[in-house]
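Biologist: I am new to this structure and would like a close look at a single part of it, together with whatever surrounds that part. Could you take me through it step by step, and say what kind of model we are looking at?

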Amino acid sequence: MKKKRIFQSLCAALLLCMPFNVHASEGKSLTHYAASNVNSATGVKVGAEQMDKLLSLLKNKRVALVVNHTSIVGEKKVHLLDTLLASGISVKKVFAPEHGFRGNADAGEKITDGKDSKTGIPIISLYGKNRKPSAEQMSDVDVVLFDIQDVGARFYTYISTMHYVMEACAENNKKMIIADRPNPCDFVDGPVMKPSLRSFVGMDLIPLLHGCTVGELAQMINGEGWLEGKKKCALTVIKVKNWKHGQPYSLPVKPSPNLANDQAINLYASLCLFEATNISVGRGTYFPFEVIGAPDKKFGEFTFTPTSLAGFDKNPMHKDQVCYGEDLRKAPRIKGFTLKYFMDFYNKSGQGADFISRPRWFDQLMGDASVRKEIIEGKSEKEIKAGWQKELAKYKKMRAKYLLYTE
């Protein structure tokens, strides 16, 4: 028994020493976060793990959940749905965001309604045509509980789903609870979105990296009157314990199919702009958002070949073609947002404005059409970034009113 405990301790110590983005010898990256156990050492306790608070709010209520595969509780990673049902809570339905309830659908893939195979609870998709719960779908619930892990980027659509659910709660006089989780990319950077570019990848007037938890962001949406008709949602936030802004947080599971580790999350905001071009960000490999390239040797010496890959992407750009570019798996951590990689490939392409093959999509992701125009004009990253500092400073001042995790 003593030998077993010593062995377990050695395994735990080795795990804590592993780098955040570990790759197996055949090139496959781990789809979980090897360093996530570090979080338990700091005593971080997410909102969903505070059952005493949750159960007191949900007891004798008819509950709808807005959850996905990230909605897990405790070291055993039990799903929140299962935990609440075991505690006798009346869960009427689950609303599922992009990537579905189990989190395995590709980006943009159609999600259909159905039933959870384990519990039989109805699953209603909030991705596609039905992005906001209808009055009918809200009629048999008293409270909606939102518990989904965000990654801090404006265009990550889980927060767009949250906005629409808040709106539905406000319109139908339902209470909403947010079980909060830390922001793993906790920076404030990039341009503040222009109202003319509002879309499902940008619902609110926030920077590209908003620097909030979902609970803080929900309070901001409420407080700034951003819901339709400036209505207010009856909102309760269950705060994270033992976490502050600026404190690193490694996720226990990947938040979506193509964010497989901490390095990918850190690079995501800066590399997502390539989705408006013909440059691959590594979808269809075991290291998406850690590499960039295209089937042209002028983009670099590093090579990768996107394929149909279950759990990542089944129909990636440049499928089965050798792509040349850069390997960013060991690149230095970005402290915010950078245009460096995008502008480098823009210049290497020699295509000028045509490099951005989907200009409207680029503008919606960026949130400000002037950035694309300034890149085409040949301005430097420093000059472009200077253009959004004034609005960013205003946002930071406004954001301070809603922060829950400061010293």
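Modeller: Let us start at the end of a helix: α7 is followed by G225, a residue whose phi is positive, near 70°. Please keep in mind throughout that this is a predicted model. Helix α7 itself covers residues 214-223, and because 8 of its 10 residues are buried, it is largely enclosed by the rest of the structure. The buried residues are V214, G215, E216, L217, A218, M220, I221 and N222. What covers them includes strands β7 (143-147), β8 (175-179), β10 (207-210) and β11 (234-238), and, among helices, α6 and α13 (389-399).

The loop that comes after this helix is also tied to a part of the chain that is remote in sequence. K401 and E224 form a salt bridge in which the closest N and O atoms are 3.1 Å apart. Since E224 lies in the loop between α7 and β11 while K401 lies in the segment after α13, this pair ties together parts that are 177 residues apart in sequence. The two partners differ in their surroundings, for K401 counts as exposed at 58% relative accessibility, whereas E224, at 25%, counts as partly exposed.

From α7 we can step to α6, one of the elements that cover its buried residues. A good way across is M162, which, leaving out residues up to four places away in sequence, touches V214, L217, A218 and I221, as well as F146, M176 and I178. In soluble globular proteins, nonpolar side chains tend to be buried together. Here the largest nonpolar core has 113 residues, and M162, F274 and L339 are the ones that touch the most other members. Helix α6 gives the most to this core, with 8 residues.

Further along α6, which spans residues 158-171, we come to A168. Is A168 buried or exposed? With 0% relative accessibility, A168 counts as buried. Apart from neighbours within four places in sequence, A168 is in contact with K132, P133 and M138. The C-alpha atom of A168 is also separated by 7.5 Å from that of A135, although their positions lie 33 residues apart along the chain.

K132, which is one of the contacts of A168, brings us to the charged residues around α6. Side chains of opposite charge can pair when their charged atoms come close. K132 forms a salt bridge with E167, and the closest N and O atoms of that pair are 3.3 Å apart. As K132 lies in the loop between β6 (122-125) and α5 and E167 in helix α6, the pair ties together parts that are 35 residues apart in sequence. E167 is buried, with a relative accessible area of 5%, while K132 is partly exposed, with a relative accessible area of 25%. The pair does not stand alone, because K132, E167 and E171 are linked in a network of salt bridges.

One more link of this kind belongs to the surroundings, since a search of the whole structure finds 17 salt bridges. The side chains of D142 and R62 meet in one of them, with an N to O distance of 3.0 Å. D142 lies in the loop between α5 (135-138) and β7, and R62 in strand β1 (residues 62-67), so this pair ties together parts that are 80 residues apart in sequence. Both partners count as partly exposed, D142 at 26% relative accessibility and R62 with a relative accessible area of 33%.

To draw the picture together, α7 is largely enclosed by the rest of the structure, M162 touches several residues including L217 and I221, and the salt bridge between K401 and E224 links the loop after α7 to the segment after α13.

How values were computed: Residues numbered from 1 in each chain as written. Heavy atoms only, no water. Helix = DSSP H or I, 4+ residues; strand = E, 2+ residues; numbered from the N terminus. Buried < 20%, exposed > 50% of the residue type's maximum accessible area, 1.4 Å probe, protein only. Contact = heavy atoms within 4.5 Å. Salt bridge = Lys/Arg side-chain N within 4 Å of Asp/Glu carboxyl O. Core = buried A, V, L, I, M, F, W, Y, C linked by side-chain atoms within 4.5 Å.
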